[in-house]
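Colleague: I am new to this structure and should be grateful for a close look at a single part of it. Please take one helix and describe its surroundings with care.

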Amino acid sequence: MDKRKVVLAFSGGLDTSVCIPLLREHYGFDEIVTVAVDVGQPEEEIARATEKGRLLADKHYTIDAKEKFVTDCIFPSIKANGSYEGYPMGTALARPLIAEEIVKVAEQEGASTIAHGCTGKGNDQLRFDFIFRSAGYDIVAPMREMNLTREWEICYAQDHNVPVSAAKDKPYSIDENFWSRSIEGGNLEDPAFHPPEDIYAWTVSPRDAPDAVEEVRIEFEKGVPVALNEERLPGITLIRELNRIAGRNGVGRNDMIEDRILGLKARENYEHPAATVLLAAHRDLEHLVLTRSELAFKRIVDDKWSELAYMGLVHEPLFYALNAFIDRTQERASGGVDLGLYKGGLSVLGRSSDLAIYSDDLVSFDSTTIDQNHAVGFSNYFGLQARLCQNLKKR
């Protein structure tokens with residue numbers, strides 16, 4: 001393999017743009033191949049990454065992985081009710097997929113080294129490194145190895161005529177795919193700072209949302225959303241349309257203190273309108289079709305699945321096993337859920353399924369299908385051991 005050729009995970013942002021001259025000047029690579037992987041970023045962002053890669057690197061690839069992101073990452077996350085510390089994961093889901101696509105290019109190019117622009121403080125370095133190391137590649141990460149700051153990078157970019165959009169007075173770092181949009185950096189690093197409205201792009205302020213409830217219906221087949229408002233749609237189209245509907249109602253914002261993998265606490269701002277609605281609908285549907293025992297155990301499985309997905313450990317054997325269990329439960333997760341969206345909030349209005357473990361006859365107060373006297377014997381034994389313990393205390 002070519003030891004002087006490096007493949008760079010490339011987004012076209014400040015960090016990865018600065019990496020190109022750094023890989024030449026400080027690391028001595030002769031050939032730099034950039035790879036931008038499209039997992040639903042804005043079209044102009046992909047176009048900018050493609051243009052910059054072709055301008056600054058020796059060779060550039062732009063890979064369309066949007067469909068794969070939906071089927072291989074988002075749909076499994078919905079089935080697992082994927083959330084970390086209370087928010088739907090987006091960046092975490094995309095990183096391993098991006099890394100896998102970059103490995104394919106490195107294999108095709110015969111490179112022995114893969115580079116990325118992650119810092120030594122965040123999660124993405126670990127998600128990328130895990131995939132790259134698993135594939136047997138050397139890793140170069142200039143930001144963490146040179147201990148760089150964003151201010152230094154901005155100055156370096158200006159000195160080397162590298163076009164970047166970040167500026168010292170507004171150094172926000174934004175990561176976006178069609179499942180989630182994250183905003184961090186700058187004044188947002190102060191947990192007490194009140195974020196300005198202009199950091200948001202997908203959601204209106206709840207106070208500016210319509211004064212009437214907007215109802216939506218989501219239909220699932222085996223845990224996968226297949227229809228919105230009774231119209232069957234491809235996954236990408238459904239998510240984008242639901243982002244628009246929920247976003248105009250102010251649904252899907254998170255401003256939180258997040259525990260990163262390294263143990264650092266970080267202030268994070270997120271927008272994920274469609275994800276918020278779909279996960280709420282899916283959780284509700286599960287309560288209609290799964291048994292109490294399944295639900296109780298699946299909560300444990302979902303939490304562990306989310307933790308591993310957040311860390312990017314998608315090749316952990318336990319992750320495969322958890323997916324197998326989750327997929328088995330989703331064989332009955334088919335049906336529809338109606339929700340109301342109103343000024344930043346959502347509520348489930350109703351749900352239905354042909355596979356529901358529910359009988360309106362058996363549960364009805366007006367039905368005699370179940371003889372209530374049968375409950376007397378059950379009640380005699382219910383809590384028996386606890387009652388015996390209480391009797392011991394009375395002696």
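Modeller: The model is a predicted one, and the part chosen here is helix H4, beginning with its contact with helix H3. On the H3 side, the residues that take part are Lys68, Phe69, Cys73 and Ser77. They meet Leu93, Ala94, Leu97, Glu101 and Lys104 in H4. By character, the residues of this contact of H3 with H4 comprise five nonpolar, one polar and three charged.

The geometry of this pair may be described next. H3 spans residues 66–79 and H4 spans residues 91–109. The two helices pack at an angle of about 150°, and their axes lie 10 Å apart. H3 is therefore roughly antiparallel to H4, since angles over 145 degrees are counted in that way. The crossing in which H3 passes H4 is right-handed.

H4 also packs against helix H5, which covers residues 124–134. Here the angle is about 35° and the axes are 9 Å apart. H4 passes H5 in a crossing that is right-handed. From H4, the contact draws on Thr91, Ala92, Arg95, Pro96, Ile98, Ala99, Glu100, Ile102 and Val103. From H5, the partners are Asp124, Arg127, Phe128, Ile131 and Phe132. Sorted by character, the residues of the contact of H4 with H5 are nine nonpolar, one polar and four charged.

A further feature of these surroundings is the second largest pocket, whose volume is about 340 Å³. Its lining is made up of 15 residues. Those that lie nearest the centre of the pocket are Asp72, Cys73, Pro96, Val314 and Phe319. Two or more lining residues come from each of H3, H4, helix H10 (292–311) and helix H11 (317–329). Among these elements, H4 gives the most to the lining, with five residues. The lining as a whole divides into 11 nonpolar residues, two polar and two charged.

Two residues link the pocket to the helix contacts described above. Cys73, one of the residues nearest the centre of the pocket, is also among the residues of H3 that meet H4. Pro96, likewise listed nearest the pocket centre, belongs to the H4 side of the contact with H5.

In summary, H4 packs with H3 at an angle of about 150° and with H5 at about 35°. H4 also contributes five residues to the lining of the second largest pocket.

Terms used
Residues are numbered from 1 along each chain as its sequence is written. This is a predicted model: local features need pLDDT of at least 70, side-chain atom pairs count only at pLDDT 80 or more; totals for chains, interfaces and linings use all residues. Side-chain values use heavy atoms; hydrogens and water are left out. Axes are lines fitted to C-alpha atoms, for helices over the stretch in contact, and angles run from 0 to 180 degrees between N-to-C directions. Helices (H or I, at least four residues) and strands (E, at least two) are DSSP runs, numbered from the N terminus. Angles under 35 degrees count as roughly parallel, over 145 as roughly antiparallel, 65 to 115 as roughly perpendicular and the rest as oblique. A crossing is left-handed if the near helix is turned anticlockwise from the far one by less than a right angle, and right-handed if clockwise. Contact means heavy atoms within 4.5 Å. Ala, Val, Leu, Ile, Met, Phe, Trp, Tyr, Cys and Pro count as nonpolar, Asp, Glu, Lys and Arg as charged, and the others, Gly among them, as polar. On a 1 Å grid over the protein atoms alone, a cavity is a set of points where a 1.4 Å probe fits but cannot get out, and a pocket is an open set with protein on both sides within 12 Å along at least five of seven lines; lining residues have an atom within 4 Å of a point. Grid points are joined across faces, edges and corners, and a volume is the space filled by probe spheres set on the points.
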